[in-house]
Each structure stands twice: as C-alpha cells, then as structure tokens.
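Subject: Structure for you to look at

Hello,

Here is the structure I promised to pass on. Please have a look at it first, and then read my notes below.

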Amino acid sequence: MKLWEDFGGNELFLLLTAAAAYLVYFLLIRRPDKLAKQIRILSLLWGMSIGILYDFTIGGGRTDFYKINDLNNYEVTDVLYYLLFAPFGYFFFIFMKK
C-alpha cells in the first residue's frame, strides 16, 4: 500500500469530508434521543460493508470500470475512503427514525 504519489485536491477533499462526517457523527451521538449503542455499532458496520461491497462490484474483479482515486493500486487514502462510508450508515438510521 502506497502513501500517495501526488497529494492534490482529491485527497484534500477526502480528508475534509471524512473530518466533517465524523464531526457530525460525534455531535449526533451526544443527543438525548440517540440510538442504542448496539444499533449505532450495527449501523456503522452496515454502512461500511455496503459501501465496500458496492465499490468492489463496480471497480474490482476482472472488469475495472474506474481507477480507485488516482492509481490502480491501493493508497492510504483508499482506507480513509472506506472509513467514510461508516457514518453515512448511521445517518441513514437516524433519518429513517425521524
């Protein structure tokens, strides 16, 4: 796994989006009407696994429809990209509850 060859706009946007998503997530779990801890962990795992599953069905295997970020091989920013799916699973559960 490579660090990155060129730190540009893609990586900066990914870092800012991940920071914003986790900031909103940590602010939402402090609310009094928050979900139970088991549901919260399940929603994080659900969001991450569904995101990775869809990412690998589109870009993995024999038919590669796109390059993951800048290169065909994995970088550290790809791990951040996969971690970004997790809070959106929690956001789905929160908005479904509302």
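Helices here are DSSP runs of H or I with at least four residues, strands are E runs of at least two, and both are numbered from the N terminus. Counted that way, the protein has four helices and zero strands. Along the sequence this gives the pattern α-α-α-α. Please keep in mind that this is a predicted model.

**Overall picture**

Of the 98 residues in the protein, 31% are buried. The accessible surface comes to about 6800 Å², and carbon and sulfur atoms account for 70% of it. If we take contacts between residues at least 6 apart in sequence, 78% of them join residues at least 24 apart.

**Helix H4 and the core**

I would start with helix H4, which covers residues 85-97. Does its length fit what one would expect of a helix, or what is the discrepancy? The 13 residues of H4 should span 18 Å at 1.5 Å a residue, because the expected span is 1.5 Å times one less than the number of residues, and the end C-alpha atoms are 19 Å apart, which agrees.

The buried residues of H4 are Ala86, Pro87, Gly89, Tyr90, Phe91, Phe93 and Ile94. Several of these names come back in the largest nonpolar core, which has 10 residues: Tyr25, Leu28, Ile29, Leu35, Leu44, Ala86, Tyr90, Phe91, Phe93 and Ile94. Helix H1 (9-28) and H4 each supply at least two residues of this core. The largest share, five residues, comes from H4. As background, nonpolar side chains in soluble globular proteins tend to be buried together.

**Where H2 meets H4**

Which residues does Phe93 touch beyond its neighbours within four places in sequence? The contacts of Phe93 are Leu35, Ile39, Ser43 and Trp46.

Ser43 deserves a look of its own. This serine lies in helix H2, and its relative accessibility is 0%, so Ser43 counts as buried. With neighbours within four places in sequence set aside, Ser43 is in contact with Ala86, Gly89, Tyr90 and Phe93.

From the other side, Gly89 is part of helix H4. Its relative accessible area is 1%, under the 20% cut-off for buried. Leaving aside neighbours within four places in sequence, Gly89 contacts Ser43, Trp46 and Gly47. The C-alpha atoms of Gly89 and Ile41 are separated by 9.8 Å, with their positions 48 residues apart along the chain.

Another glycine to display is Gly51, which is found in helix H2. Gly51 is buried, with a relative accessible area of 8%. Its C-alpha atom and that of Phe85 are separated by 5.7 Å, although the two residues are 34 residues apart along the chain.

**A buried arginine**

Is Arg40 buried or exposed? Arg40 is buried: its relative accessible area is 15%, and buried means under 20%. This arginine is found in helix H2, which runs over residues 37-59. Apart from neighbours within four places in sequence, Arg40 is in contact with Tyr25, Ile29, Lys34, Leu35 and Tyr90. Among these, Tyr25, Ile29, Leu35 and Tyr90 belong to the largest nonpolar core.

**The end of the chain and the cavity**

Lys98 sits in the segment after H4. Lys98 is exposed, with a relative accessible area of 61%, where exposed means over 50%. Not counting residues up to four places away in sequence, Lys98 touches Arg31 and Asp33.

These residues also turn up around a cavity. How many cavities of 30 Å³ or more are there? The count comes to one, and the largest cavity has a volume of about 60 Å³. Its lining is made up of Leu28, Arg31, Asp33, Lys34, Ile94, Lys97 and Lys98. Leu28 and Ile94 are members of the largest nonpolar core as well, while Lys34 is one of the contacts of Arg40.

**If you only have a few minutes**

- Show Ser43 together with Ala86, Gly89, Tyr90 and Phe93, which it contacts.
- Show Arg40 with its contacts, including Tyr25 and Tyr90.
- Show the lining of the largest cavity, with Lys97 and Lys98 among its residues.

Happy to go through any of this with you.

Best wishes

Definitions and conventions
Residues numbered from 1 in each chain as written. Predicted model: local features only at pLDDT ≥ 70, side-chain atom pairs only at ≥ 80, totals over all residues. Heavy atoms only, no water. Buried < 20%, exposed > 50% of the residue type's maximum accessible area, 1.4 Å probe, protein only. Contact = heavy atoms within 4.5 Å. Core = buried A, V, L, I, M, F, W, Y, C linked by side-chain atoms within 4.5 Å. Areas by Shrake-Rupley, 256 points an atom, 1.4 Å probe, with all protein chains shown as cover. 1 Å grid on protein atoms, 1.4 Å probe; cavity = no way out; pocket = protein on both sides within 12 Å on 5 of 7 lines; lining within 4 Å. Points joined across faces, edges and corners; volume = space filled by probe spheres on them.
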